[in-house]
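Here is a short guided walk through a structure, written with the bench in mind. Keep the 3D view open as you read.

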Amino acid sequence: MSSYYKDPDPEETQDWIDSLKGVIDQEGGDKADYLLCRLTDVARAFGVSTSPGLLTPYSNTILPDQEDHIPGDSLTARNVAAYVRWNAMAMVARANKDGKGLGGHIATYTSVSAMYEVGFNWFFHGPQAQDGADMIYFQGHSSPGVYARAFVEGRLDEEQLCNFRQEVGGHGLSSYPHPWLMPDFWQFPTVSMGLGPMAAIYQARFMRYMDSRGLKEAGDRKVWVFMGDGESDEPEALGALSLAARENLDNLIFVVNCNLQRLDGPVRGNGKIVQELEGRFRGAGWHVIKLIWGTEWDTILQRDREGLLIKKFGSMVDGDFQTIRARGPAYLREKVFGDDPRLMALVEDISDRELWQMSRGGHDPRKVYAAYAAALKVKGQPTVILAQTIKGFGMGQAGESVMVAHNVKKMDVDSLKAFRDRFHVPLADKQLADLPFIRPPEGSPEAQFLIKCRKELGGPVPHRQPEHISLPAPSLDAFGALLKSSKERELSTTMAFVRLLGILVKDKDIGKHIVPIIPDEARTFGMEGLFRQLGIYAPTGQLYEPQDSETVAWYKEDPKGQILEEGITEAGAISSWLAAGTAHANYGVPMIPFYTFYSMFGFQRVGDQLWAAGDSRAKGFVMGATAGRTTLNGEGLQHQDGQGLLFASAYPSCLAYDPTFGYEVAVLIQKGIERMFARGEDVFYYITLLNENYPHPEMPEGVEEGIDRGMYLVQKGGEKGPRVQLMGSGSILREVIAAARLLDEDYGIQADVWSILGINQLHREGILTEDWNRHHPEQPAKKCYLEDQLTGHDGPVVICTDYVQAYGEQLRRFINRPVTVLGTDGFGRSDFREVLRSFFKVDRYHVVVAALKNLADEGHLPLTTVTDALGKYGIDQEAPHALSR
Ligand SMILES: Cc1ncc(C[n+]2csc(CCOP(=O)(O)OP(=O)(O)O)c2C)c(N)n1
Ligand SMILES: [Mg+2]
């Protein structure tokens, strides 16, 4: 509105402005802010449609006279930065020299360098700091700079730098931050863009949770997030901003590296990413610090009494800024100042060279220092620093601001010279082409500075604590009730799990380490009883009287609450799970998270975050409730999960199980705690839970090892007649047991029944055995667990699960006899379980038919017996398979 308004009385307007300036001078900015807010309220009360807006001009938030200054001599820090910058560039260039083509990125780190260096020198706390190490999420593809700094600090050696991106030999460096492969260095995998920022928000919140529950004091510890401006387009990246503001996470600082470019081109060629992000962050309740111009601009901006230059900058789009930087100083002078003599006058006494050296805010350590110092002072809000930078800064024509900057991996000699000169790298012309790795000489001011900085800040970062901290696992007896028969009582494995969780949280050793996490489905899973018992974490406490306060299981919110009730955000909930599942490494306190979700919204919804969890060496349990394509009555094709377990098979550190009975759930969780938290295996468990109610038998003797390894004999058939091996898992195991009875009663066929609750593990163990046998051709062949278990159990095999056939198929190659795999391929649909199982051809009758057909094919029965069975069980021979519907 205001920009269209023609002011009839500019003098009066000036009086208002002067009054405001007077208030700022006499009473300060807070009073001015208060007055403006009051005036806005009054205007609105009189129906004036005013909105002061979220955006500020295209200038620095912190004025020069408000800046904190770098302590001591900044020349030494500049020299240190030169070493780091050079080594980072040299490392990538060497990895791509002579046709090596290993990849890597130079342009990103050159744009973020000052922001890291200022952090390393004066801000990032290390592990010996009073409150522990800050948690730093580095931009994934800026890793060369982090390695280069570690090299200059003496943490990495030259051989490691030479082996950048060559990890197989054991002495190389990961391409990106990968704790799995560098477990004492990297803490957080960030290169799948968007996941880091979201994980960090939940991390900062989890830090508060640990503090509030008395498990680990948060103190002054911070979570720093460095992300790209292009990365901000990922929905996850900005998807949890409001949580951070709502929970007053002033332990969280985002730094967005606004180099205005992403991989293919500009982030917002026709717009302004800094302004857009300012609006989004401020709208979500964050404190926003814009860091756009370097110190050299201060004088010019001060000369510009009318604010013309900032207005001009505000009118230019990001595409203009990029082109200016790629074309040089003459173009800059023309494009920015050329169309207004008043603007031209501002820079008439400034040479082209000087003009070109005037940096953007994110490249000026003084400004970055001031921004970080200001961020640390913010109370009650998370802070974002929007730092304008140049992609490929200092790479000259080889990479600076060019469209293809992201993928430049080498620099020619002229560009190397320009780079050396720009950053004062101590190398002579003839040394450049060899791309040597360089460190400040021992005892030099730079070397001393490095030691002093990191010592004062508590040691090096990034640093991950790889040592195992053991928790005592409860014995299986602790879950005694679940190991007994439920007699006639019908219950689901979900109910069994909830009972088990109730026992676990009371355990005197590990009870307080349990972290139940739910994305708004506790009532669906019958977990609401835990609300009152454990409390739902709410830092404010409960500010209202809950509607159900008179009931037994009321909705209790509590600062000491143990449950993380996340609301409808699987992405957020899994981020909490990840923070808890890596607490052993990040807080020195192991936590045992149980994240229970709708299984359909598990791997296929948050699969990439689970992958990052594996990379992070996360431990804990993800519980896929309402699992199975036919086990979830009603609902339909977007709820009925018949693929989660197959997805899980591809996650190397995930142990996945599809249990049927309460005792299986109990053994899995007991073993899981033992393996992960007592013995220290870096794995996580995915366990499906069912909502179908049925009676549960007592645990047979001696099955614990089989449950853990993935299969055990549930019941043995009689001795007489032809024999088959029937295998199943989840609720389909009960169909398989029923099929065994039918085979015996109707056809005199004996069936051994196996629970194959851990197909993925059997498959992996089979692969390893095969691999060993292939590479030891002359030694006696080993048997995999599956083959070993089947020894002495004759007959063809039928495998039936509530999952796609590819899941069961994993076992075929280890079974040296005819195998039929049944499963639930195709879209689910709502109906009764019985109807669905018939539709997908996985019910007891189809298992019988499959067994008979196998035996007939083997010549044990006439084929007419199969036809007879089809008729007897009312199976329509022409019923199309679910895949064809
Ligand atoms: C989820 C995901 N998608 C795509 C990529 C590939 N990728 C790596 S870096 C990059 C561009 C990054 O741009 P920006 O976030 O602006 O960072 P900059 O390098 O400019 O600092 C892309 C698309 C990725 N790593 N992760
Ligand atoms: Mg970018």
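What follows looks at a metal site, the strands around it, a second sheet and a pocket. Please bear in mind that this is a predicted model.

**The magnesium site**

Let us begin with the magnesium ion (ligand 2). Its protein donors are Asp229 through OD, Asn259 through OD1 and Gln261 through O, at 2.0 to 2.1 Å from the ion. Along the sequence these donor residues follow the spacing D-x29-N-x1-Q. Aspartate 229 sits in the loop between β2 (223-228) and α8 (235-239), while asparagine 259 sits in the loop between β3 (252-258) and α10 (273-283), so the pair ties together parts that are 30 residues apart in sequence. Are these two residues buried or exposed? Both aspartate 229 and asparagine 259 are buried.

**Strand β3 and its partners**

The strand β3 deserves a look of its own. Seven of its seven residues are buried, so β3 is largely enclosed by the rest of the structure. Leu252, Phe254, Val256 and Cys258 point one way from the strand, and Ile253, Val255 and Asn257 point the other way.

Which strands pair with β3? One is β2, which runs parallel to β3, and another is β5 (residues 383-388), also in the parallel sense. Strand β7 (residues 514-518) likewise runs parallel to β11 (residues 592-598). The table sets out these pairings.

| Strand pair | Bridges | A facing pair of residues |
|---|---|---|
| β2 and β3 | six | glycine 228 and asparagine 257 |
| β3 and β5 | six | valine 255 and isoleucine 385 |
| β7 and β11 | four | valine 515 and proline 593 |

**A six-stranded sheet**

The β7 and β11 pairing belongs to an open sheet of six strands, in the order β10-β7-β11-β12-β14-β13, with parallel pairing. At the edges stand β10 (564-565) and β13 (654-657); each has a single partner strand, so one side of each is left without a neighbour in the sheet.

**The second largest pocket**

Now for some empty space. The second largest pocket holds about 1,100 Å³. It is lined by 39 residues, and those closest to its centre are Gln357, Phe393, Arg422, Phe423 and His424. By class, the lining has 15 nonpolar, twelve polar and twelve charged residues.

Which helix gives the most to this lining? That is α3, with seven residues. Helices that each supply at least two residues include α3 (74-95), α4 (107-123) and α13 (318-327). Also among them are α16 (352-357), α17 (365-377) and α18 (413-423).

Definitions and conventions:
Residues are numbered from 1 along each chain as its sequence is written. Chains are lettered from A and ligands numbered from 1 in the order in which they are written. This is a predicted model: local features need pLDDT of at least 70, side-chain atom pairs count only at pLDDT 80 or more; totals for chains, interfaces and linings use all residues. Side-chain values use heavy atoms; hydrogens and water are left out. Donors are N, O and S atoms within 2.8 Å of the metal (3.2 Å for Na, K and Ca); water is not among the atoms, so sites may look incomplete. Buried means under 20% relative accessible area, exposed over 50%, partly exposed in between (1.4 Å probe, protein chains only). On a 1 Å grid over the protein atoms alone, a cavity is a set of points where a 1.4 Å probe fits but cannot get out, and a pocket is an open set with protein on both sides within 12 Å along at least five of seven lines; lining residues have an atom within 4 Å of a point. Grid points are joined across faces, edges and corners, and a volume is the space filled by probe spheres set on the points. Ala, Val, Leu, Ile, Met, Phe, Trp, Tyr, Cys and Pro count as nonpolar, Asp, Glu, Lys and Arg as charged, and the others, Gly among them, as polar. Two strands pair if DSSP finds at least two bridges between them.
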